[in-house]
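The following report describes how strands and helices are arranged in one protein chain, going from strand pairing to helix packing and then to the domains.

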Amino acid sequence: MPANLTPEYRKAEEWFRSAATDDERLLALEEMLRTIPKHKGTDHMRADLRRRLSKLKEAVSGPKKHGGKRVDVFHVPKSGAGQVVLLGLPNSGKSSIVSTLTNAKVNVADYPFATGLPTPGMADYEDVSMQIVDMPPVTADCAPPGAVGTYRGSDLIGIVIDLSGDVGGQMRVCLDFLESHRLLIDEQTEATDATGNILGRKAFVICTKADIARDGAMEILKSCCKGRFEFVEVSLETGEGLKELGRKMFELLDVVRVYAKKPGRPADMKEPFTLQRGSTVMDLAKTIHRELAEKVKSARAWGKNVHDGQNVHRTYELADRDIIELHFQ
Ligand SMILES: Nc1nc2c(ncn2[C@@H]2O[C@H](COP(=O)(O)OP(=O)(O)OP(=O)(O)O)[C@@H](O)[C@H]2O)c(=O)[nH]1
Ligand SMILES: [Mg+2]
């Protein structure tokens, strides 16, 4: 029986191959196990993955003891439309962003190294929620152990730059960290392994403390990035730019919202499904229940690229805000 491995699984496999430490290998194996399609054709592969995982866990933390469970605090399970992980120097405003946009309890402080562990929170944007992860800081000399895995597992990296400080210096530290771990994906960074597979993540820049910015800080920052990133200027003090920040994160996560509808019933407009742009009717069916993907025959669609109630093939590419009624064999 064919295994029908998904792009998500392949990505996790690439991550495993490129991992530099056992901790990162562990995260990648867990991701492989999470994303591998679960059917008869993958039974052996899943058993093998579980074996490798438990062997690696033993190698990392010694044999299992009763009552003891190893928790990897740098592994942040994903939730919502996508995961944005923040990166920045001490005091740059990472925790302030998470504290302002989400209900998560984080430590905002006027002294450096106030945050010691990744902390996720959910931020609302229109009718979806996105996950933002507060992180311990990086500096020119050190980065939190395990953090590479958190960034590699994310959907988007938010580089946080304090506009009241030395913006060029902060950007250099963040770029050194990202480039040395091949965490970036853009035209200037070769974030691929030997077989040409992409390993990096997209990134953008969140410029904080706009209310107390140094003169010309944005110009200096933009000139040292040479058109590499998109920027959002915010002030957590005045609230300036926060709406734009939500919009930018949603745009860069590159997802579409789809509302499911049962035949003869109104669509559920409250809780859209979110899928990667480029997903099809079959992908939607798989998201609702993995066995439905094989059974879906066609669909009716309402949205900007179709006439109301138009019959579409199961390979139809979903557009943002489509309403979809699935039809099964
Ligand atoms: N004026 C102003 N102050 C800000 C802004 N954002 C954050 N701050 C202040 O900057 C200080 C540091 O903010 P944090 O959010 O704790 O910084 P952090 O990046 O999480 O710091 P670490 O946890 O050490 O990495 C706090 O005193 C905040 O109140 C802003 O937009 N404007
Ligand atoms: Mg903090």
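Strand S1 (residues 83-88) pairs with strand S4 (residues 156-162) in the parallel sense over five bridges, where strands are DSSP runs of E of at least two residues and helices are runs of H or I of at least four, numbered from the N terminus, and where two strands pair if DSSP finds at least two bridges between them. Within this pair, Val-84 stands opposite Leu-156 of S4. The model is a predicted one, in which local features need pLDDT of at least 70 and side-chain atom pairs count only at pLDDT 80 or more, while totals for chains, interfaces and linings use all residues. Residues are numbered from 1 along each chain as its sequence is written, and chains are lettered from A and ligands numbered from 1 in the order in which they are written.

S1 and S4 belong to an open sheet of six strands with mixed pairing, as the table shows beside a sheet of five strands.

| Sheet | Strand order | Average turn between neighbouring strands, direction ignored |
|---|---|---|
| Six strands, open, mixed | S2-S3-S1-S4-S5-S6 | 30 degrees |
| Five strands, open, mixed | S8-S7-S11-S9-S10 | 35 degrees |

Helix H6 (residues 167-180) lies across S1, S4 and strand S5 (202-208), running at about 155 degrees to S4; such angles run from 0 to 180 degrees between the N-to-C directions of lines fitted to C-alpha atoms, for helices over the stretch in contact, and contact requires C-beta atoms, placed from the backbone, within 7 Å. The buried residues of H6 (20 or more other C-beta atoms within 10 Å of their own) are Val-167, Gln-170, Met-171, Cys-174, Phe-177 and Leu-178. Seen down the axis of H6, these buried residues fall within an arc of 130 degrees, taken over the directions from the axis to the C-beta atoms, so they line one face of the helix. Their cover includes S1, S4, S5 and helix H7 (217-225). Just after H6, Arg-182 takes a positive phi of about 50 degrees.

In the sheet of five strands, strand S9 (residues 296-303) pairs with strand S10 in the antiparallel sense over five bridges, and Gly-303 has Val-306 of S10 as its bridge partner. Helix H9 (residues 281-288) packs on this sheet, touching strand S7 (255-261), S8, S9, S10 and strand S11 (322-328), and its direction makes about 130 degrees with that of S8.

The domain assignment, automatic or from a database, gives domain 1 (7-61), domain 2 (83-253) and domain 3 (255-328). The centres of domain 2 and domain 3, taken over C-alpha atoms, are separated by 33 Å.

Technical notes. Contact = placed C-beta atoms within 7 Å. Buried ≥ 20, exposed ≤ 12 C-beta atoms within 10 Å, placed from the backbone.
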